[in-house]
Amino acid sequence: MSDVTRSEYCAVAIADCFADDGEIMGSPMGLLPTLGARLAKNTTNPALMLTDGEARILRGTPPLGQSGDVTEGWMPFRLVLESVVPYGKRHVMMGATQIDRHGNQNISAIGPWEQPTRQLLGVRGAPGNTVNNRTSYWVPKHSARVVVEQVDIVSGIGRARAEAAGPAATKFHDVHRLVTNLGVFDFGGPGHTMRFVSVHPGVTVDEVREASGCEIHADGDVPETRTPTDGELVLIRELLDPTKLREREVPSS
Amino acid sequence: MRAPSKELTIDEVLGRIESGMTVGIGGWGSRRKPMALVRAILRSDLTDLHIVSYAGPDVGLLLAGGKASKVTYAFATLDSIPLEPLFSQARVERAAEFREWDEGMFQTGLRAAAQRVSFLPMRAGLGSAVLENDPDLHTVRSPYDDQEELVAVPALNLDVALVHMNRADELGNGQYLGPDPYFDDLFCMAAREAYVSTEQIIDTAGLTVDASLQSLLLNRTMVTGVVETPNGAHFTDCTPTYGRDEKFQKAYATAAKTPEDWAAFHERFLSGDEAAYQAAVTAFREEAQA
């Protein structure tokens, strides 16, 4: 199958984040993470548990924009916060208005805390997520304003901050991947800093560095993000996102 | 002898709230908010309130109306519209004192208050800006072998809690019929006095005729007063009684962008009592359909 789009590379890169998780709850925030997690459930990790984004745990994987399916459980907000997050059997993929070289994320506000220049959502569950369960991030528009040297207000915490806060913060700290529209990264660079895992086909390492506000470590040659299999493309195009909502978030140029 | 009725009017509930109080508001974002009571606070002379809320338009409106001098929250959102515009404006203008916690810390703070302990330990918050930006937060070291240092989440003690239920009886038994109870029972237990607005006050026997036992979230020991406010969560979601009024919410968010539009919105919808509000909403709906 030809003409794989950038959004489809992103979808499989996100799905690969959930591949080794086994029987845990996936909490994808936003459109492409939801597509990727539903793809993983249909391919590499059928044990993955996913909700409708509200209070229902769904047995299957409805198309994006839909939430109707067999209900296999109840997951109101209170259970997410008091049972799932502290229990740890969860992998959340959050957005990030800023993410820095040390893996700190900001969804709270831009500028100084006391009087921000722009208010965002607030820290939400990011502080608790990052010290309790595996956490990945999704950035649909990789730029030097998003990928920065230091975030303004630390919502999700990176490794160095976890270590500074002590064993209770590092015990379950596990920032797994950052997937953007340009590539895939982890925090396995020197001192747990940002490192290339792969660049999406059509993107160079130099282009990524140009579009970043901080240094990104590379271990030798950086490979390309893998190509989706024909089976994955059928799932994405015909089952999971037939109306191409993915193109709205990551347009084909 | 039977237990006395706790049924009140909106004005009677307002009479129990004083300036300077800490007021917890149930629901979540733009979902099942006790908006009729929030609108009543907006019309009142109350000032200097400390609002504690998983924030949505309740907090946006109270900030814009100059009613809140302090807000404790974990996020502010309209759900289908990601950011709460009046809240964002107040933050940028530093219009009040703000305390932003992790949403799990927030639940733990309510639970501590409900259990009448001064704090409960948890992992959430460690290493994040939350601890730096709230000087009242402290950590606590485990007295056991692990010696781990955890966040000592202080109790979110409330003077008054305001929550909205799909149904209740006059005794104060409250029932939600949607998929998520949110944290409304914790809000009620964290407060000295809890007031429940509801779509419908029905006979006690009717509560479980067509709904599960588990939908009875609030028992009457948690509740001080009940007030019937049909469409009282409008424009937030109150499923299955009604969904979020997306057209109205969009009009609200759009009007919030400029002082002139906001003044016009306020004049049309928020300048009268609850009956006037509901009449204006009906007229808005008819216009939208025409």
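B:Arg116 sits in the loop between α5 and β5 (119-122) of chain B, a good place to begin a tour of this predicted model. Residues are numbered from 1 along each chain as its sequence is written, with chains lettered from A in the order in which they are written. Local features here need pLDDT of at least 70, side-chain atom pairs count only at pLDDT 80 or more, and side-chain values leave out hydrogens and water. Helices (H or I, at least four residues) and strands (E, at least two) are DSSP runs, numbered from the N terminus.

**Unusual backbone spots**

Most residues other than glycine have a negative phi, and most peptide bonds are trans. The table lists two residues with positive phi.

| Residue | Phi | Relative accessible area |
|---|---|---|
| B:Arg116 | near 60 degrees | 78%, exposed |
| B:Asn231 | near 60 degrees | 18%, buried |

Buried means under 20% relative accessible area, exposed over 50%, and partly exposed in between (1.4 Å probe, protein chains only). B:Asn231 belongs to the loop between β12 and α8 of chain B. B:Phe235 is found in the loop between β12 (225-228) and α8 (246-255) too, and the peptide bond leading to B:Phe235 from B:His234 is cis, with omega near 10 degrees. Another cis bond joins B:Thr239 to B:Pro240, with omega near 5 degrees.

**An enclosed helix**

Which helix of chain B is largely enclosed by the rest of the structure? Helix α2 (residues 35-43) is, because eight of its nine residues are buried. Among them are B:Met35, B:Leu37, B:Arg39 and B:Ile41.

**A buried aspartate**

Over in chain A, A:Asp100 is part of strand β6 (residues 98-100). A:Asp100 is buried without a salt bridge, and the nearest side chain of opposite charge, A:Arg161, is 6.7 Å away. A salt bridge would need a side-chain nitrogen of Lys or Arg within 4 Å of a carboxyl oxygen of Asp or Glu; Lys and Arg count as positive, Asp and Glu as negative, while His and the chain ends are not counted. The A:Asp100 side chain does reach the backbone nitrogen of A:His102 at 3.0 Å, and a polar atom of that side chain lies 3.1 Å from the backbone nitrogen of A:Val151.

**Empty space inside**

A cavity is a set of points on a 1 Å grid over the protein atoms alone where a 1.4 Å probe fits but cannot get out. Five cavities of 30 Å³ or more are counted, and the largest has a volume of about 70 Å³. Its lining includes A:Leu81, A:Asn129, B:Asp102 and B:Met122.

Definitions and conventions:
A polar contact is a pair of N or O atoms within 3.5 Å; within protein, one must be able to donate a hydrogen and the other to accept it, and residues adjacent in sequence count only if both atoms are side-chain atoms. On a 1 Å grid over the protein atoms alone, a cavity is a set of points where a 1.4 Å probe fits but cannot get out, and a pocket is an open set with protein on both sides within 12 Å along at least five of seven lines; lining residues have an atom within 4 Å of a point. Grid points are joined across faces, edges and corners, and a volume is the space filled by probe spheres set on the points.
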